Amino acid sequence: VFSALPSEVAADVEAKFAEAGFTVVSEASAHRMDADVPLMIPEINPGHLKLLETQKKKRGWKGAIATTPNCTATGLSMVLKPLIDDFGARKAIVTTMQALSGAGFPGVPSLSIQENVIPYIKNEEEKVATEAKKILGAYANGTIRPSPLTMGISCNRVAVIDGHTETLYAEFPGEIDPKVAERSLARFRGAPQRLRLPTAPEQPIIIRSENDRPQPRLDRMAGSVPGMSVVVGRVRNGMDERSLMLTLLSHNTIRGAAGTAILTAELMEREGYLEN
Ligand SMILES: NC(=O)c1ccc[n+]([C@@H]2O[C@H](COP(=O)([O-])OP(=O)(O)OC[C@H]3O[C@@H](n4cnc5c(N)ncnc54)[C@H](OP(=O)(O)O)[C@@H]3O)[C@@H](O)[C@H]2O)c1
């Protein structure tokens, strides 16, 4: 069962479905931070699906709940994963420019957002940081140890329909060459690519070398599975050679919601989690 319910409704309804024996893949935030619920980006943390065994045992459910992250945390975590694994990124400062469709329907009143930027999205900054640390965390003995990365996030709503743009400043223990970082991002692959899952993009992170990319209108559908790749540009050193700055773009309703839910279900099917 795919759930895209408002969180207040999802909390109870999704638990009832799982209790009744259904496997739920949810886009809602209600259960994302439950200790026994996996928060999935299949390229990053396929091993977190093991939490489903703990969950079923602990709750006595025949079914289970897996969740997918907040749309802003999704693109950000995908870019942080190779930066942590290859270069030991330990601090990230992020500013977002988030699309209107991220607020659902009917969303932000048109008179509030036209010719405007709104520098606050309720509960969003807390969600992005805590969810990213869980996604990037390590699984051991039925629990997730959150990533030690420290993060500062500023979330803004802008007059774009689809596609969240984020600027990232990251710090590393040693010097980092932006060209080497670009190659690491472009090479990043995960379980969905190895398993050739139907919804897996060939290249999860696409690099643009032009100074004025990525742009939501031009790049949100880039790649072999439209809307499933994160597009990165403007990769450069920050304050010194131990820091990096870049701009990333991710489709909030595809990679940031429904697309990752479908990819998660494909991974669960392939790994035998849908067999009863
Ligand atoms: N939009 C994004 O970019 C995004 C990204 C990641 C996660 N999410 C999460 O995904 C979920 C859906 O987001 P959205 O943007 O699609 O929101 P939305 O536009 O408000 O849609 C919510 C949907 O839930 C239905 N619904 C509400 N109460 C219900 C109930 N009691 N029983 C059955 N259906 C009910 C609504 O049906 P009616 O239209 O008939 O009222 C509507 O179709 C939310 O939890 C959101 O936080 C959204």
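**Exercise 1. Aromatic pairs**

Task: In this predicted model, find how many aromatic pairs a search of the whole structure gives, then describe the one that involves Phe 87.

Solution: Start with the count: searching the whole structure turns up two aromatic pairs. One of them joins Phe 87 and Phe 172, with ring centres 6.3 Å apart and an angle of 85° between the planes. Planes over 60 degrees apart count as edge-to-face, so this pair is edge-to-face.

Next, place the two rings in the chain. Phe 87 belongs to helix α3 (residues 71-87), while Phe 172 sits in the loop between β8 (164-171) and α6 (178-187). The two are 85 residues apart, and the pair links distant parts of the chain.

Finally, compare their surroundings. Buried means under 20% relative accessible area. Phe 172 has 3% relative accessibility and therefore counts as buried; Phe 87 has 21%, so it counts as partly exposed.

**Exercise 2. A leucine in helix α3**

Task: Decide whether Leu 83 is buried or exposed, and work out which residues it contacts beyond its sequence neighbours.

Solution: First, locate the residue: Leu 83 is part of helix α3. Its relative accessible area is 0%, so Leu 83 is buried.

Now set aside neighbours within four places in sequence; the contacts of Leu 83 are then Gly 88, Ala 89, Leu 168, Phe 172, Ala 181, Leu 185, Leu 244 and Leu 246. You have already met Phe 172 as the partner of Phe 87 in an edge-to-face pair.

For a sense of distance, take Glu 271, which is 188 residues from Leu 83 along the chain: their C-alpha atoms are separated by 27 Å.

**Exercise 3. The ligand and its shell**

Task: Describe which residues are closest to the ligand and which backbone atoms come within polar range of the ligand.

Solution: Begin with the shell. It holds 17 residues, with Ala 4, Leu 5, Ser 101, Gly 104 and Phe 105 the closest. By type, the shell contains eight nonpolar, seven polar and two charged residues. Helices α1 (7-19) and α9 (254-270) each contribute at least two residues to the shell.

Then go through the polar contacts. A polar backbone atom of Leu 5 is 2.7 Å from an oxygen atom of the ligand. For Phe 105, a polar backbone atom is 2.9 Å from a ligand oxygen. At Ser 101, a backbone N or O atom lies 2.9 Å from a nitrogen atom of the ligand. Taken alone, the ligand has 900 Å² of accessible area, and the protein covers 50% of this.

**Exercise 4. Backbone features in the loops**

Task: Identify which peptide bonds are cis and which residues other than glycine have a positive phi.

Solution: Take the peptide bonds to begin with. Phe 105, one of the residues closest to the ligand, is joined to Pro 106 by a cis peptide bond with omega of about 5°. Pro 106 lies in the loop between β4 (91-97) and α4 (110-113). Another cis bond connects Arg 213 and Pro 214, again with omega of about 5°. Pro 214 is found in the loop between β9 and α8, where Ser 209 also lies. Ser 209 is exposed, at 63% relative accessibility.

Now turn to phi. Glu 115 has a positive value of about 55°, and Asn 123 one near 65°. Glu 115 is located in the loop between α4 and α5 (124-135), as is Asn 123. As for accessibility, Glu 115 reaches 85% and so counts as exposed, whereas Asn 123, at 43%, counts as partly exposed.

Methods. Residues are numbered from 1 along each chain as its sequence is written. This is a predicted model: local features need pLDDT of at least 70, side-chain atom pairs count only at pLDDT 80 or more; totals for chains, interfaces and linings use all residues. Side-chain values use heavy atoms; hydrogens and water are left out. A residue is near a molecule or strand if one of its heavy atoms lies within 4 Å of it. A polar contact is a pair of N or O atoms within 3.5 Å; within protein, one must be able to donate a hydrogen and the other to accept it, and residues adjacent in sequence count only if both atoms are side-chain atoms. Accessible areas come from the Shrake-Rupley method with a 1.4 Å probe; for residues, only the protein chains shown count as cover. Helices (H or I, at least four residues) and strands (E, at least two) are DSSP runs, numbered from the N terminus. Ala, Val, Leu, Ile, Met, Phe, Trp, Tyr, Cys and Pro count as nonpolar, Asp, Glu, Lys and Arg as charged, and the others, Gly among them, as polar. Rings of Phe, Tyr and Trp (its six-membered ring) pair if their centres lie within 6.5 Å; planes under 30 degrees apart count as stacked, over 60 as edge-to-face and the rest as tilted. Buried means under 20% relative accessible area, exposed over 50%, partly exposed in between (1.4 Å probe, protein chains only). Contact means heavy atoms within 4.5 Å.
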